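Thank you for letting me take a few minutes of the meeting. I would like to walk slowly through one structure, so please keep the picture in view while I talk.

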Amino acid sequence: MNDRTERIHVGALARVEGEGALNVRVRDGSVEDVRLEIYEPPRFFEGLLRGRSYLEPVDITARICGICPVAYQMSAALAIEDACGVTVEGPIRELRRLIYWGEWIESHALHIYLLHAPDFLGCDGAVELARSHPDLVRSGLQLKKAGNAILELVGGRPVHPVNLCVGGFYRAPTRTELRSLLDPLEKARKTALATVRWTAALDFPDLRIDAELVSLATADEYPLLDGRIRSTGGLDIPVSAFGRNFTEEQSAYSTALWSSHRGQPYLVGPLARFTLGHARLSGDVQAEARAAGLQGGCRNPFQSIVVRALEVMEACTQALRIIEAYQEPDPPHLEVPPRAGIGHGASEAPRGLLYHRYRIDAVGRIEEAVIVPPTPQNQRVIEGDVRWVVESGLDLGHEQLAWRCEQAIRNHDPCISCATHYLRLEVDS
Amino acid sequence: MTVRLVGLGSELRGDDAAGLLVARRVRVLTGGRATIDEVSDDLDGLIQALLGDGEVIVVDAVRSPGMEGEILTLDADQVGPGETGSSHGLGLAEAVGIARALGGKASLHLCGIRGRDFAVGAPMSREVTHACARLAAAIARLLEVPVCA
């Protein structure tokens, strides 16, 4: 690029979920503007839920995303149970963690192998990768299949599971049924270990995100289901304080709402979870993290592929542990009588913190719903990454720089379909 | 030889639910005897089916100029890359390409129903609904006939 105005426009981002575009304007060698434009139609789920029964968000919000439905089901259930004064513990909670680990396995495997790996291995996409590295893609499909098997057995089907409800599950699998997953999960764990090792050997540009990292945290578990909200900036709050600490605003060029903390961008997702919670990973996963050069955390978004691989290894380890120790919950769900009030729920979707809030009336009708997915929380950091890529790559050709920008976005595995739902719609006419 | 039916689509996008509707209808018509997969946002299930042996019939909505509700039979080569209603940008063409690159040898038959409205939240159009019923009946008759090896 030389001393004039250059524009990089990627009309439809490839290998991300949903529909979005990127616009960058460079003038006289300086980056003037970076816009990640989400043009997927808004989903209006928050409005759709008003007037519905408090038992319905678990099924309805699962439709927000085809790749992370369990995350929506969990955050919804936790928020409704919070409003009604019910806490789910014991074997039901363990079963919830099992299906959630299954979702992490299949979501991360898809991203690592079919969406992200091509960037590092010189391939245009998954088809070219399958031709040049068939064993790699087979490994990814095997991992994904293992994750899907958990969702299908525990949730009733691999996409938009139907067996989850407020209070737990409609039916609990038997011990024998769950033990059928042991063999594929043992194999998956070995594949996950191999994934950590080959991703750790990739070349990574040297980028450091300085934004505050935010995730759930508990005393003794890697962040997944409930806990408090903590950050690298010292934040330590209950989930119920989310709305007082994080704000959403409408962007002029996106149908997704943007989030900030104390007016600043922040990041949720694997890098945040790993940096804040790495000491609560299983011992052998921690050892692999150290061997990969990731002790103490990770702030390089290009290395998120390694962190996701570590999380897949942890997910397989925990899933095996849960199955070995499984006690069939009886009954499979707690009764949750409706109670007027406001409830808050948060869990760690594969892409990061997912927050739900519901206000329900005395007979269980939903009066208000707020859903904050991870991707809009990350949008400003993603734009900052793209700005860094452009500033450091101004000597590259236009096509290569555009590809680097797309890679910077793919580092964060954005779920654009999840991001585009909001309640306020203003029409100028 | 096994014959597997895979219905693709999204329930949230109007006529894009056509493949799912056909799959469910065939399941009813064959009394659950046929091997049927519904693949919504995740084409991994299709890749797995194509990596197996036998024949795979894929049904999906088609976006192209022409009469809504028209039933088309397509070659895999006719499916364009890129525009999909499914998650993570893995469309039908990519799923087929991955399966073939990995040596998948299942014979693939593509049936499309031309749709009109693929907007999020849109209802399925009448023409597509009728076409789903016709195609489901035809496939159910086909699956009841032994396939010659």
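Let me start with a single pair of residues, A:Ser215 and A:Arg230, where A:Arg230 is the bridge partner of A:Ser215 in strand E7 of chain A. Before I build on that, please keep in mind that this is a predicted model.

The strand on the other side of that bridge is E6(A), residues 212-217, and it is joined to E7(A), residues 228-231, by 4 bridges, with the two strands running antiparallel. E6(A) also has a second partner, strand E11 of chain A, residues 266-267, and here 2 bridges join strands that run parallel. If you want to find that pairing on the screen, look for A:Glu212, which stands opposite A:Tyr266, and for A:Leu213, which stands opposite A:Leu267.

So what order do the strands of this open sheet take? In chain A the 4 strands come in the order E8-E7-E6-E11, and the pairing is mixed. The edges are E8(A), residues 236-237, and E11(A), each of which pairs on one side only. As for E6(A), 6 of its 6 residues are buried, and the strand is mostly covered. Helix H10 of chain A, residues 270-277, lies across E6, E7 and E11, and runs at about 70 degrees to E6(A).

Let me turn to a pair of helices. Two packed helices are described by the angle between their axes and the distance between the axes. For H4(A), residues 90-120, and H12(A), residues 304-324, the angle is about 150 degrees and the axes are 8 Å apart. Angles over 145 degrees count as roughly antiparallel, and H4(A) and H12(A) are therefore roughly antiparallel to each other. Their contact has 15 nonpolar, 5 polar and 6 charged residues, and the crossing of H4(A) and H12(A) is left-handed.

Finally, some details of the backbone. Most residues other than glycine have a negative phi, and most peptide bonds are trans. With that in mind, consider A:Asp226, in the loop between E6 and E7 of chain A, whose phi is positive, near 60 degrees. A:Asp413, in the loop between helices H14 and H15 of chain A, also has a positive phi, of about 45 degrees.

Which of these counts as partly exposed, and at what relative accessibility? A:Asp226 does, at 24%, whereas A:Asp413 is buried, with a relative accessible area of 1%.

My last item is the peptide bond from A:Asp330 to A:Pro331, which is cis, with omega near 0 degrees; A:Pro331 is found in the loop between H12 and strand E12 of chain A.

Technical notes: Residues numbered from 1 in each chain as written. Chains lettered and ligands numbered in written order. Predicted model: local features only at pLDDT ≥ 70, side-chain atom pairs only at ≥ 80, totals over all residues. Heavy atoms only, no water. Axes fitted to C-alpha atoms, helices over the stretch in contact; angles between N-to-C directions. Parallel < 35°, antiparallel > 145°, perpendicular 65-115°, else oblique. Left-handed = near helix turned anticlockwise from the far one by under 90°. Nonpolar A, V, L, I, M, F, W, Y, C, P; charged D, E, K, R; others polar. Buried < 20%, exposed > 50% of the residue type's maximum accessible area, 1.4 Å probe, protein only. Pairing = 2+ DSSP bridges. Contact = heavy atoms within 4.5 Å.
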